[in-house]
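These are my notebook entries on a model opened for inspection. I kept each entry to what I looked up.

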2 protein chains.
Amino acid sequence: MAYYIGIDIGGTNIACGIVDDNYEIVARSKVKTNAPRPYAEILEDIKQSVRLACEELGVKPSDAASIGIGCPGTCNSDGVVEYSNNLGFVNVPLRSDIESEFGVSTYLDNDANAAAFGEYLAGAAKGAKNAVAITLGTGVGAGIIIDGKIYSGSNCAGGEIGHTVLVVDGRDCTCGRKGCFETYSSATGLIRTTREAIELNPDSIAAKIAEEDGRVSARTAYNALKQGCPVGKQVTDEFVKYLAAGIANTINIFQPDILCIGGGVCNEGDTLLVPLRKAVSEQVYTKNSAKNTEIVVCSLGNDAGIIGAALLCKQ
Amino acid sequence: MAYYIGIDIGGTNIACGIVDDNYEIVARSKVKTNAPRPYAEILEDIKQSVRLACEELGVKPSDAASIGIGCPGTCNSDGVVEYSNNLGFVNVPLRSDIESEFGVSTYLDNDANAAAFGEYLAGAAKGAKNAVAITLGTGVGAGIIIDGKIYSGSNCAGGEIGHTVLVVDGRDCTCGRKGCFETYSSATGLIRTTREAIELNPDSIAAKIAEEDGRVSARTAYNALKQGCPVGKQVTDEFVKYLAAGIANTINIFQPDILCIGGGVCNEGDTLLVPLRKAVSEQVYTKNSAKNTEIVVCSLGNDAGIIGAALLCKQ
């Protein structure tokens with residue numbers, strides 16, 4: 001049985017997995033990224049993560065069918081990481097460095113794209129022809145699958161759906177624009193909305209929860225909602241409103257078979273999904289059409305990046 | 001030499017052209033659409049437009065290499081117009097009706113998609129791999145070309161970039177949403193912004209121009225700007241601001257080689273393009289990258305729809 005090595009490079013950990021023909025992870029390793037530090041050092045630890053995962057399974061890296069890498073930043077078609085803000089990489093030949101080390105065909109793509117490809121091959125978007133995966137994390141990340149292939153534009157930097165403006169002159173975004181989707185719909189955006197509402201309502205249940213927890217988190221407003229807090233209701237309603245706007249925009253452009261969302265807030269389940277699906281269905285251009293995009297939760301979690309990277313050879 | 005018949009069905013006219021191997025229109029015809037009226041009647045006039053164009057060139061429809069049709073609305077992959085609001089069509093088998101009439105392979109797509117394909121093959125987006133064409137008309141229409149093919153999603157209804165929200169809770173849109181790109185950046189949107197500014201500034205040069213013309217048009221603000229009117233400056237600055245936001249959103253998602261814009265307002269040339277390109281370049285996610293999307297004006301005008309339709313067989 002063939003096996004495929006997938007590496008998901010994050011700001012904190014380098015996660016490596018060995019994926020079999022059933023798209024399941026049969027061995028794993030994890031080493032610290034310790035970014036930022038010189039590329040040569042991080043590269044050694046990436047190689048080490050491959051060796052460790054192979055040792056666990058008792059196989060040799062050189063016998064893998066392929067190696068795939070998902071890396072934050074702009075990864076071009078020559079296998080070069082042109083720029084990764086998180087890792088401090090500028091024009092590093094990551095693909096060829098790994099390929100020459102192990103003598104195995106190696107593929108490289110952006111980490112969000114690899115995760116979307118994982119969901120497409122083996123997760124919530126399985127069976128789709130066109131799919132979009134949106135992750136609500138520190139930012140709003142996205143990966144676009146068109147006709148079974150990752151779409152990243154003519155310069156490999158496309159798919160930045162999180163950096164589309166939903167509110168001209170809205171909230172400041174780290175990208176330099178104002179009112180980007182991610183300033184409202186990321187976990188960070190939800191925390192900001194919650195914090196602003198708590199400041200205006202210091203006697204609310206939401207405020208008490210935050211005080212007990214010692215901080216405002218992305219769960220504060222949903223926990224308050226469950227306790228009947230009007231501020232929790234107001235914040236989560238607003239969160240759904242902006243998220244629905246961004247998702248309806250994405251559907252009006254792509255009309256994918258499946259749009260899957262991931263990130264911690266999706267653990268709220270139907271509390272999030274029911275009002276979200278309703279708001280989107282009322283807004284999409286095709287609201288009267290027979291066929292509309294299905295909105296589902298990503299099913300692979302952090303494994304999506306490893307599985308998608310491992311199987312980049314299947315594109 | 002082969003020839004290709006292209007039909008561009010509009011709300012007012014059915015325009016037919018015969019296109020040669022150099023992607024040039026060598027004969028034309030035009031008949032009134034007179035919509036809305038029964039499909040059978042409009043169909044007869046579509047057939048008639050083909051016969052008239054062929055007569056002009058002295059050729060037979062049955063000798064054409066192919067026939068292509070661009071039609072407003074949702075045109076599915078079976079060649080059926082599922083729904084066209086403008087024409088009153090619901091599930092009409094337009095492709096097969098034309099194909100059986102002339103015995104020539106016939107193709108059908110949405111009119112904005114056909115026009116984008118025309119610009120890609122023979123116009124401003126020639127040579128691109130990925131391109132987006134945005135037309136600023138009564139609404140904001142768009143066509144997306146990915147890897148040389150029209151992209152319209154899994155239900156053939158994608159590409160509605162004009163119906164992406166730029167301002168949550170903004171201006172009412174005909175689609176039912178609020179704050180869509182087209183409510184700000186269409187000719188209709190520009191007229192609305194101009195009218196609102198004139199109402200607040202009845203003594204402005206812009207107000208005088210509108211009074212002399214007997215109406216506010218999409219040219220009023222730009223004409224006022226040329227005469228040094230501060231209201232003209234304010235309105236056109238605002239127009240560029242929202243248009244730049246919508247275009248930067250589109251680039252952040254697609255990162256196409258070329259994004260071409262069309263519509264009457266593009267006749268303003270550098271007065272529009274210079275501030276637009278500057279605003280977009282400051283906003284795109286790839287502002288520090290070596291390769292960025294080129295923003296150009298569509299070059300085929302109304303012929304884009306005919307040429308693109310005629311050559312749908314080249315996809």
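**Entry: B:K30.** I began by asking whether B:K30 is buried or exposed. The count gave 15 other C-beta atoms within 10 Å, so I recorded B:K30 as partly exposed; a residue needs 20 or more to be buried and 12 or fewer to be exposed. I note that the model is predicted. B:K30 belongs to strand β3 of chain B, residues 25-32. Setting aside residues up to four places away in sequence, I found B:K30 touching B:N13 and B:A15. I also looked up B:N110, which is 80 residues from B:K30 along the chain; their C-alpha atoms are separated by 19 Å.

**Entry: A:K208.** I then turned to a lysine in chain A. A:K208 sits in helix α6 of that chain, residues 205-213. I entered A:K208 as partly exposed because it has 15 C-beta neighbours inside 10 Å. From A:K208 to A:E238 I noted 30 residues in sequence and 20 Å in space, C-alpha to C-alpha.

**Entry: A:F89.** I looked up A:F89 in strand β7 of chain A, residues 89-92. It has 24 C-beta neighbours inside 10 Å, and I therefore listed A:F89 as buried. Which residues does A:F89 contact, leaving aside its neighbours within four places in sequence? I found A:Y39, A:G73, A:V81 and A:S84. For A:Y39 I also took the separation: it is 50 residues from A:F89 in sequence and 6.6 Å from it in space, C-alpha to C-alpha.

**Entry: cis peptide bonds.** I next examined peptide bonds. In chain A, the bond from A:A35 to A:P36 is cis, and omega is near -10°. I placed A:P36 in the loop between β3 (25-32) and α1 (39-57) of chain A. In chain B, I found a cis peptide bond joining B:A35 and B:P36, with omega about -5°. The loop that holds B:P36 runs between β3 and α1 (39-57) of chain B.

**Entry: positive phi.** I looked up two residues by their phi angles. A:Q255 is not a glycine, yet its phi is positive, about 40°. I located A:Q255 in the loop between α8 (230-254) and β12 (258-262) of chain A. A:Q255 counts as buried because it has 28 C-beta neighbours inside 10 Å. In chain B, B:C156 likewise is not a glycine and has a positive phi, about 60°. B:C156 lies in the loop between β11 (149-151) and α4 (181-185) of chain B. I recorded B:C156 as buried because 24 other C-beta atoms lie within 10 Å.

**Entry: helices α3 and α10 of chain A.** I asked at what angle the axes of helix α3 and helix α10 of chain A cross. The axes of α3 (residues 111-122) and α10 (residues 303-310) come within 6 Å and cross at roughly 85°. I therefore described α3(A) as roughly perpendicular to α10(A). On the α3(A) side, the residues that meet α10(A) include A:D111, A:F117, A:E119 and A:L121. On the α10(A) side, I listed A:A304, A:G305, A:I307, A:G308 and A:A309. By class, I recorded 9 nonpolar, 3 polar and 2 charged residues in the contact of α3(A) with α10(A).

**Entry: nonpolar core.** I looked up the largest nonpolar core and found 217 residues in it. Those that touch the most other members are A:I5, A:A133, A:A206, B:I5, B:A133 and B:A206. I followed A:I5 further, leaving aside its neighbours within four places in sequence. Its contacts are A:C16, A:I18, A:V50, A:A53, A:P61, A:A64, A:I67 and A:A310.

**Entry: the two chains.** How many residues of chain B are in contact with chain A? I recorded 34 residues of chain B in contact with 34 residues of chain A. Helix α8 of chain B (residues 230-254) supplies the largest share of the chain B side, 6 residues. By class, I noted 15 nonpolar, 14 polar and 5 charged residues on the side of chain B that touches chain A.

I then superposed the copies in my notes. A turn of 180° and a shift of 0.0 Å along the axis lay chain B on chain A with an RMSD of 0.0 Å. The two copies are thus related as by a two-fold rotation axis. I finally noted that 100% of the interface residues of chain B are also interface residues in chain A, so the copies meet through the same surface.

Notes. Residues numbered from 1 in each chain as written. Chains lettered and ligands numbered in written order. Predicted model: local features only at pLDDT ≥ 70, side-chain atom pairs only at ≥ 80, totals over all residues. Axes fitted to C-alpha atoms, helices over the stretch in contact; angles between N-to-C directions. Helix = DSSP H or I, 4+ residues; strand = E, 2+ residues; numbered from the N terminus. Parallel < 35°, antiparallel > 145°, perpendicular 65-115°, else oblique. Contact = placed C-beta atoms within 7 Å. Nonpolar A, V, L, I, M, F, W, Y, C, P; charged D, E, K, R; others polar. Least-squares fit on C-alpha atoms with pLDDT ≥ 70 in both. Core = buried A, V, L, I, M, F, W, Y, C linked by C-beta atoms within 7 Å.
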